[in-house]
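Let's take a walk through this model together, starting with one helix and then looking at what packs against it.

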Amino acid sequence: MKKLSFVLAAAGLMSVAACSNPTPAENAAENTSEALEATADNLEDAADNTSNTAEEQMLENAADNMHDASENVADNAS
């Protein structure tokens, strides 16, 4: 019985350890997603600071596209 509990405990700990360490690809995807979000935020700020309506709309559309790209990267990372 002791051997069986030891094996089960070891298996449980190994599965937890495997889940907590992201791979380099997951790290890169997360960094890319965060960079895209930061760019989107900057585009939104630029849109807020312009007085040209057409330029504001263009910047807001670009920000929306960046948000979508960020979500796509994050979704495909897992």
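In this predicted model, helix α2 has 26 residues, and at 1.5 Å a residue they should span 38 Å. The C-alpha atoms at the two ends of α2 are 38 Å apart, so expectation and model agree.

Now look at which side chains of α2 are hidden. Its buried residues are Ala29, Ser33, Leu36, Ala40, Leu43 and Ala47. An α-helix has 3.6 residues a turn, so residues three or four places apart point the same way. What do the buried residues of α2 pack against? Their partner is helix α3.

That brings us to the pair itself. Two packed helices are described by the angle between their axes and the distance between the axes. Here, α2 covers residues 24-49 and α3 covers residues 53-77; their axes come within 8 Å and cross at roughly 165°. Because angles over 145 degrees count as roughly antiparallel, α2 is roughly antiparallel to α3. The crossing of α2 past α3 is left-handed. Sorted by class, the residues in this contact are 14 nonpolar, five polar and six charged.

For a closer view from the α3 side, find His67, which lies in that helix. Is His67 buried or exposed? With a relative accessible area of 18%, His67 falls under the 20% cut-off and therefore counts as buried. Setting aside neighbours within four places in sequence, His67 is in contact with Glu37, Ala40, Asp41 and Glu44. You have already met one of these, Ala40, among the buried residues of α2.

Note on methods:
Residues are numbered from 1 along each chain as its sequence is written. This is a predicted model: local features need pLDDT of at least 70, side-chain atom pairs count only at pLDDT 80 or more; totals for chains, interfaces and linings use all residues. Side-chain values use heavy atoms; hydrogens and water are left out. Axes are lines fitted to C-alpha atoms, for helices over the stretch in contact, and angles run from 0 to 180 degrees between N-to-C directions. Helices (H or I, at least four residues) and strands (E, at least two) are DSSP runs, numbered from the N terminus. Angles under 35 degrees count as roughly parallel, over 145 as roughly antiparallel, 65 to 115 as roughly perpendicular and the rest as oblique. A crossing is left-handed if the near helix is turned anticlockwise from the far one by less than a right angle, and right-handed if clockwise. Ala, Val, Leu, Ile, Met, Phe, Trp, Tyr, Cys and Pro count as nonpolar, Asp, Glu, Lys and Arg as charged, and the others, Gly among them, as polar. Buried means under 20% relative accessible area, exposed over 50%, partly exposed in between (1.4 Å probe, protein chains only). Contact means heavy atoms within 4.5 Å. The expected span of a helix is 1.5 Å times one less than its number of residues.
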